[in-house]
Amino acid sequence: MTKQQSLLYLIRLLKSPYLIGFYRGHAHLTDVQVDRIGELFFSHDLELQARVVRNYEDRFANLVGNGYSCSFASGRMAFFSLMQSRGIGTGDEVIIPGFTCSVVANAILRIGAKPVYSDIDPDTLGSDASAIERCITSHTKMIVAQHSFGIPCNIDEIADLAKSKGIFLVEDSALALDSRIHGKPVGTWGDAAFFSTDHSKPLNTIIGGMLYTPDKDIFENVKRTMGNIPDLSERHQKNLYRRFIYERKNYVPSRYPRSIIRESIRDSLGRFFGNPPVFLERDYSTPSSDPSAYPYPARMPAFLAQLGLFEIERWKDEKNKRKMLLRKYLNNAEIARDRIRIPDAYHDPEKEIVPLRFIFRSPHADLLRNKFKHYIDVKAMWFLEPLVCCPEGPHILGYRNGDCTNAESVCSDILNMPCVLPEGWDKRAVSVFHDILSASK
């Protein structure tokens, strides 16, 4: 986007009465809960902080399955530590989908291995067993199977493949939590899984990630590998706490347009003065040795672990709301069934989907985005390129055009609708979806 386009975009936001975003704040928390998070942030009681983090890890593990979890400052750090514990390094290959975030490839390069990009299944938008099989070589040490947007990939087929080849299988469940295939939850099919809990993910703790495994030996090996990994700096944690308070107040649709303007101004000033980013954005390209960057890997801050505990408490009701919203989107999609394509997985009775975003495709995607932009934060739609969050382009991470033709086709015509909404905004989102599709006949 040019500077002129960015300026016009901000001017338009000034006139917008609301904008439905893909990032939801924590306006639902009570003042008592917010005070509890604040107490932990200001506390110097290390034993108390450790207990809260352990409790969060245990509760998260119970939410996923019957295994073990350990937390990190991000999902990519959990993935990195798992690879480290497995001895993966120079000369090794790790298969990942060519339809993911750049930080996954960054973690592989950081460990010294090579990311190998496999194509996706356009019916699930996740990893595909046959595409993975074509990528396997004698150097393959790990397969990463991704579940996209809350939709389980056909992980049963991938698990059978990995077992037959004797290759360690990891589930990238950063975009999916509590979804199931054949009644079995995502994250429990492989040898291990990693989850993300940043503010764009199914369970929002501003930043954060989790490693899960049903195997105690794998868990204990990762814990040994972690050793005494450092905390984020005091300054960084202070900025994260401020960010939590800010998003709680402003990440509601009625305030969201002005919040984007404020953030644009603040980010520009931050870059000018050399302030480090609040989020872990130094992993958006090739690995950096920038001494001003955050430690990698780093621990999950205790006050954000407490936020995670509050989110787990309300998860059952929240997931049911998201599933109900998905049904409403699907019902309204019928009016445009000849003009948009819905992934087949949404109609698969063997898949129970807890949606992060509702995904559909259209040959007129650009035109539709232009119409949605007055109501939906279309700048935050995923995945418009095979490796998102890669300012220098996917080639910098070893991806070549044509590597994953299904993924590239999806990227050309994909659209998203938010499924993680503040109370009362689901009707408005469905209405916008219905009205724009109706007007596009």
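## Exercises on strands, helices and cores

Glu-93 has Lys-114 as its bridge partner in β4, and this pair, taken from a predicted model, is the starting point of the exercises below.

**Exercise 1.** Describe how strand β2 (residues 93–97) is paired with β4 and with strand β7 (residues 140–146).

*Solution.* Begin with β4, which pairs with β2 in the parallel sense over five bridges. Next take β7, which runs parallel to β2 and is joined to it by three bridges. Glu-93 serves as a marker on this side too, since Thr-140 in β7 stands opposite Glu-93.

**Exercise 2.** Are the residues of β2 buried or exposed, and which way does each of them point?

*Solution.* Count first: five of the five residues of β2 are buried, and the strand is mostly covered. Then sort them by direction: Glu-93, Ile-95 and Pro-97 point one way, while Val-94 and Ile-96 point the other way, and all are buried. The partner strand β4 (residues 114–118) can be treated in a similar manner: four of its five residues are buried, so β4 is largely enclosed by the rest of the structure.

**Exercise 3.** Place these strands in the open sheet of seven strands, and find its edge strands.

*Solution.* Write down the order, which is β1-β12-β11-β8-β7-β2-β4, with mixed pairing. The edges are β1 (68–72) and β4, each of which pairs on one side only. From one strand to the next the twist averages 25 degrees. For an antiparallel example, turn to β1, which pairs with strand β12 (residues 209–213) over five bridges, and where Phe-72 stands opposite Gly-209 in β12.

**Exercise 4.** Which strands do helix α5 (residues 102–111) and helix α8 (residues 216–226) lie across?

*Solution.* Helix α5 lies across β2, β4 and β8 (168–172), and it runs at about 145 degrees to β4. Helix α8 lies across β1, β8 and β12, and in this case the angle to β1 is about 25 degrees.

**Exercise 5.** Work out the layout of the open sheet formed by three strands.

*Solution.* The order here is β10-β9-β13, and the pairing is antiparallel. The edge strands, each pairing on one side only, are β10 (184–185) and β13 (351–352). Strand β9 (residues 180–181) is paired with β10 over two bridges, and Arg-180 has Pro-185 in β10 as its bridge partner.

**Exercise 6.** Describe the packing of helix α3 (residues 46–64) against helix α11 (residues 302–313).

*Solution.* Two packed helices are described by the angle between their axes and the distance between the axes. Here the axes come within 9 Å and cross at roughly 35 degrees, and the crossing of α3 past α11 is left-handed. The residues that make the contact include Tyr-56, Phe-60 and Leu-63 of α3 as well as Leu-309 and Ile-312 of α11. Sorted by character, the residues of this contact divide into nine nonpolar, four polar and two charged.

**Exercise 7.** How many residues has the largest nonpolar core, and which of them have the most contacts inside it?

*Solution.* This core has 136 residues, and those with the most contacts inside it are Phe-79, Val-94, Phe-99, Phe-358, Phe-360 and Phe-372. Helix α11 supplies the largest share of the core, eight residues. To look at one centre of contacts, leave out residues up to four places away in sequence and follow Phe-99, whose contacts include Ile-120, Leu-125, Phe-149, Phe-383 and Ile-414. Another core, of 17 residues, lies apart from the largest one, and Ile-158, Ala-162, Ile-181 and Trp-189 are among its members.

**Exercise 8.** Is Ser-285 buried or exposed, and what is it in contact with beyond its neighbours within four places in sequence?

*Solution.* Locate Ser-285 first, in the loop between α10 (256–273) and α11. Its relative accessible area is 11%, and the cut-off for a buried residue is under 20%, so Ser-285 is buried. With its neighbours within four places in sequence left aside, Ser-285 is in contact with Asn-106, Glu-392, Ile-396 and Leu-397. As a last step, compare two kinds of separation: Ser-285 and Glu-408 are 123 residues apart in sequence, and from C-alpha to C-alpha they are 20 Å apart in space.

Note on methods: Residues are numbered from 1 along each chain as its sequence is written. This is a predicted model: local features need pLDDT of at least 70, side-chain atom pairs count only at pLDDT 80 or more; totals for chains, interfaces and linings use all residues. Side-chain values use heavy atoms; hydrogens and water are left out. Axes are lines fitted to C-alpha atoms, for helices over the stretch in contact, and angles run from 0 to 180 degrees between N-to-C directions. A crossing is left-handed if the near helix is turned anticlockwise from the far one by less than a right angle, and right-handed if clockwise. Contact means heavy atoms within 4.5 Å. Ala, Val, Leu, Ile, Met, Phe, Trp, Tyr, Cys and Pro count as nonpolar, Asp, Glu, Lys and Arg as charged, and the others, Gly among them, as polar. Two strands pair if DSSP finds at least two bridges between them. A nonpolar core is a set of buried Ala, Val, Leu, Ile, Met, Phe, Trp, Tyr and Cys residues joined through side-chain atoms within 4.5 Å. Buried means under 20% relative accessible area, exposed over 50%, partly exposed in between (1.4 Å probe, protein chains only).
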